[in-house]
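Reader: I'm new to this structure and would love a close look at one helix and its surroundings. Could you walk me through it slowly, explaining the terms as you go?

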Amino acid sequence: MRSAGAGGARPTVLVLDAPPPAPPPRLGALTGRARVLHADAGTLAAQLPQADVLLVWDFLSDAVRRAWPGDGPRPRWVHTASAGVDRLLCPELVASDTVVTNARGVFDQPVAEYVAALVLAMAKDLPRTLALQDERRWLHRESRRVAGTRACVVGSGPIGRATVRTLKALGVSTALVGRRPRTGVHGPADLDRLLARADWVVCAAPLTDDTRGMFDERRFGVMQPSARFINVGRGALVVEADLLAALSKRWIAGAALDVFAHEPLAPDSPLWTAPGLLVSPHMSGDTVGWRDELGAQFVTLYGQWEAGRPLVNVVDKQRGYVPGH
C-alpha cells in the first residue's frame, strides 16, 4: 500500500487547501514522518507529480478532476475530507490504481441529528413561529405529532443508517432504501411504493450516474400532498426546477435543502423564496470541532498507510462510494 518518496526520502503529502477563512488541517503529528506541501486550485496540477499522498481538504473544489489528467506521476493515495467523492473522480483517476478514501464516520451522526431537527421544525411549524415573533403576532396554531409518522430514507450508507436510528428514537416508522435489497434495506424497485406512503422523504444517497436527478417531477408526483422532502446528500440528486414546481403546485407540503446543484446558492435563485422550503448552506454535518476530527482521521489513516496496513474507508471508484453498506 505504501508508496515511499523518491530515494527512500520521507513521503510527500500534498494538501489541496480550502480557501480562507477555512483553516488548514492540523498535521503536526506528521512532523518527521512526511514532507507536507500545500497547493490551491491554481497550483495543484504543477505539484501533483511530486506527491505520494493527496489530501483533498477543499472537498468542494473540482480542482482534482481538472488537474489529474496531466503529465507525470500521480499520488498513490488520495483522501478527501468529505463523505462524497463526486467532485474529484474523473475517468483517469477511476482507471488508475490510486487508492481513494473518504471521511466516512465523521459526519454520520451530525447529519442524522440535523435531519431530525428539520423533521421536528417542520412538524412543529417552527419557521412560522419565528416569523410571527418577528412580526409580534400572537397566532395560535396546531402542530403535527412526529411519533407514528413514516419516513423513507434513501441511501443506505452510514449517514442513512444513522438517520434511521435517530428518527426511530422519535417514534418515526422508517424504511431504508439502498442500491440493492437485503435484510433491513429495500431495493430501488420498492422506492415509489415507499414514497407514496411516507410523511418524510430523506435523501442521503451518494451522487452517481444512477442517482443523478433521481428526485424529479415523477418522484415528487408519487409523494402524498402532506409529505415533506429533505436532501442532505448531493444537490444534483434533485431536479431543482421540478422541486420548485412541486412546491408551487402544492404537490408536497414542504421541503428542506442543505445541498444544491450550484453552491453557494445564488442570491437571485428562486429557491430562496419557494413556498414551504427551508434553505441551509451545506452545514448539516459541520458541528463544532469537525475540522479537527477530519484532520485526526487523516493522521490515523496515514499511520495505516505508513505501516503498509490496509486502509479503511476505501472507495469503490466505479460505484462512487465505500461499499459494504
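Author: Helix H4 has 16 residues and reaches 23 Å from its first C-alpha to its last, close to the 22 Å expected at 1.5 Å a residue. That expected span is 1.5 Å times one less than the number of residues in the helix. Helices (H or I, at least four residues) and strands (E, at least two) are DSSP runs, numbered from the N terminus.

A word on the source: this is a predicted model, in which local features need pLDDT of at least 70 and side-chain atom pairs count only at pLDDT 80 or more, while totals for chains, interfaces and linings use all residues. Residues are numbered from 1 along each chain as its sequence is written, and side-chain values use heavy atoms, with hydrogens and water left out.

Now, is H4 enclosed or open? Because 12 of its 16 residues are buried, H4 is largely enclosed by the rest of the structure. Buried means under 20% relative accessible area, exposed over 50%, and partly exposed in between (1.4 Å probe, protein chains only). Among the buried residues of H4 are Asp108, Pro110, Tyr114, Leu118 and Met122.

The cover over these buried residues includes helices H5 and H6 (158-169), along with strands S8 (200-203), S9 (228-231), S10 (254-257) and S11. Covering rests on contact, which means heavy atoms within 4.5 Å.

H4 also takes part in the largest nonpolar core, which has 47 residues. A nonpolar core is a set of buried Ala, Val, Leu, Ile, Met, Phe, Trp, Tyr and Cys residues joined through side-chain atoms within 4.5 Å. At least two residues of this core come from each of S1, S3, H4, strand S6 (150-154), H6, S8 and H10. H4 gives the most, with 8 residues. Apart from this core lies another, of 32 residues, including Ala227 and Leu277. In soluble globular proteins, nonpolar side chains tend to be buried together.

Within the 47-residue core, the residues with the most contacts are Trp77, Ile230, Leu294, Phe298 and Tyr302. Leu294, Phe298 and Tyr302 are among the buried residues of H10. Not counting residues up to four places away in sequence, Tyr302 touches Trp77, and also Pro11, Val13, Leu30, Arg33, Ala34 and Val53. The buried residues of H10 are covered by elements including strands S1 (12-16), S3 (53-56), S4 (77-80) and S5 (99-101).

Back at H4, look just past its end: the helix is followed by Asp125, whose phi is positive, near 60°. Asp125 leads us on to a pocket. The second largest pocket has a volume of about 250 Å³. Of the 15 residues that line it, Asp125, Arg228, Ala253, Gly254 and Gly276 are the closest to its centre. H4 (108-123), H5 (126-134) and S11 (277-279) are the elements that give two or more residues to its lining.

On a 1 Å grid over the protein atoms alone, a pocket is an open set of points with protein on both sides within 12 Å along at least five of seven lines, and lining residues have an atom within 4 Å of a point. Grid points are joined across faces, edges and corners, and the volume is the space filled by probe spheres set on the points.

By class, the lining of this pocket has 9 nonpolar, 2 polar and 4 charged residues. Here Ala, Val, Leu, Ile, Met, Phe, Trp, Tyr, Cys and Pro count as nonpolar, Asp, Glu, Lys and Arg as charged, and the others, Gly among them, as polar.

Note on methods: On a 1 Å grid over the protein atoms alone, a cavity is a set of points where a 1.4 Å probe fits but cannot get out, and a pocket is an open set with protein on both sides within 12 Å along at least five of seven lines; lining residues have an atom within 4 Å of a point.
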